[in-house]
Amino acid sequence: MKQAKLLTQAEQKRVNALINAHRYSARNHAIFAISFFAGLRACEIAALKVGDVFEKDGSVRDTVYLAAGQTKGDEANTVLVSKRLDKALAAYAAAYPHHVSKPEAALFFSAKRGGFSAQTIVNLFSRFYALAGIKGASSHSGRRQFLTELADKGVNVRVIQALARHKDISTTQRYIDYNESKLRNAIELVSQQRC
């Protein structure tokens with residue numbers, strides 16, 4: 001199975017610049033953030049309601065509870081909101097306060113003011129990656145990047161599995177990217193220890 005491409009820092013900057021130059025930039029930044037900083041799938045992003053993410057006063061919840069019908073595996077689950085994701089979601093709320101005052105509305109609205117389907121979320125990611133000239137990236141790139149960066153920072157694979165909401169640890173392990181540079185850095189850790 002071909003994996004979604006991980007983005008380099010330069011590619012991430014290109015995508016961010018393109019998002020800034022387009023209509024609905026706060027919305028689009030929030031969509032990318034929820035993928036890259038929480039690892040949500042396109043179907044889960046599309047299924048979110050305003051009330052899942054925002055309190056009645058418009059503040060961002062620190063935990064998002066996904067109902068069984070909102071997840072790929074039809075199991076209720078929990079998503080923790082990081083400071084970086086909170087910042088992107090708060091900017092979205094500030095840009096669209098009237099929209100985030102409707103708890104039953106779809107979290108992200110389309111140009112026609114309806115909600116997104118999973119496919120239109122996939123298309124949005126594809127559009128920005130194509131505009132940035134990035135081949136091989138998809139709506140799953142953010143999820144894969146989220147899990148790989150956790151592994152790169154030394155987070156235990158069981159913790160990553162829980163954050164990915166995977167039943168089987170082997171599924172989580174397939175998401176985590178490694179290359180020769182990472183392998184070399186790993187073996188050098190042994191060299192640093194004294195006999």
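The expected span of a helix is 1.5 Å times one less than its number of residues. Helices (H or I, at least four residues) and strands (E, at least two) are DSSP runs, numbered from the N terminus. This is a predicted model, in which local features need pLDDT of at least 70 and side-chain atom pairs count only at pLDDT 80 or more, while totals for chains, interfaces and linings use all residues. Residues are numbered from 1 along each chain as its sequence is written, and side-chain values use heavy atoms, with hydrogens and water left out.

**Stop 1: helix α2**

Select residues 25-36, which form α2. At 1.5 Å a residue, its twelve residues should span 16 Å, and the end C-alpha atoms are 16 Å apart, which agrees. Buried means under 20% relative accessible area, exposed over 50%, and partly exposed in between (1.4 Å probe, protein chains only). Ten of the twelve residues of α2 are buried, so this helix is largely enclosed by the rest of the structure. Colour the buried ones: A26, R27, N28, A30, I31, F32, A33, I34, S35 and F36. Now show what covers them, which includes α1, α3, α5, α6 and α7.

**Stop 2: the nonpolar cores**

A nonpolar core is a set of buried Ala, Val, Leu, Ile, Met, Phe, Trp, Tyr and Cys residues joined through side-chain atoms within 4.5 Å. The largest one has 45 residues, and the members that touch the most others are F32, F54, Y92, L107 and Y129. Two or more residues of this core come from each of α1, α2, α3 (42-47), α4 (50-53), β1 (63-66), α5 and α6 (118-131). Helix α2 has the largest share, at seven residues.

Centre the view on F54. Contact means heavy atoms within 4.5 Å. Beyond its neighbours within four places in sequence, F54 is in contact with S59, V60, R61, L89, Y92, A93, V100 and L107. Then move to the second, separate core of seven residues, which includes F146, A164, Y175 and I176.

**Stop 3: L18 on α1**

Select L18, in helix α1. Its C-alpha lies 7.7 Å from that of L131, although the two are 113 residues apart in sequence. Outside the four places either side of L18 in sequence, its contacts are F128, L131 and A132.

**Stop 4: the largest pocket**

Cavities and pockets are found on a 1 Å grid over the protein atoms alone: a cavity is a set of points where a 1.4 Å probe fits but cannot get out, a pocket is an open set with protein on both sides within 12 Å along at least five of seven lines, and lining residues have an atom within 4 Å of a point. Grid points are joined across faces, edges and corners, and a volume is the space filled by probe spheres set on the points.

The largest pocket holds about 900 Å³ of space. It is lined by 30 residues, of which A33, F36, F37, R84 and E149 are the closest to its centre. At least two lining residues come from each of α1 (9-21), α2 (25-36), β2 (77-80), α5 (83-95), α7 (141-152) and α8 (157-164). For classes, Ala, Val, Leu, Ile, Met, Phe, Trp, Tyr, Cys and Pro count as nonpolar, Asp, Glu, Lys and Arg as charged, and the others, Gly among them, as polar. This lining has 16 nonpolar, eight polar and six charged residues.

**Stop 5: the second pocket and the cavity**

The second largest pocket holds about 300 Å³. Of its 17 lining residues, select R41, K72, R165, H166 and K167, the closest to its centre. Helix α9 (residues 169-175) gives the most to this lining, with three residues. By class, the lining has two nonpolar, six polar and nine charged residues.

There is one cavity of 30 Å³ or more, with a volume of about 30 Å³. To find this cavity, select I34, A38, L40, V64, V79, V81 and L85, which line it. Its lining is made up of seven nonpolar, no polar and no charged residues.

**Stop 6: α7 and the segment before α1**

Two residues of α7 come next. R144 lies in this helix and, at 8% relative accessibility, counts as buried. Not counting residues up to four places away in sequence, R144 touches Q3, A4, K5, L6, Y175 and D177. Q145, also in α7, counts as buried at 6%. With the same sequence neighbours left aside, within four places, Q145 is in contact with L6, L7, Q12 and F36.

End at A4, in the segment before α1. A4 counts as buried at 12% relative accessibility. Apart from residues up to four places away in sequence, A4 touches G136, S138, H140, S141 and R144.
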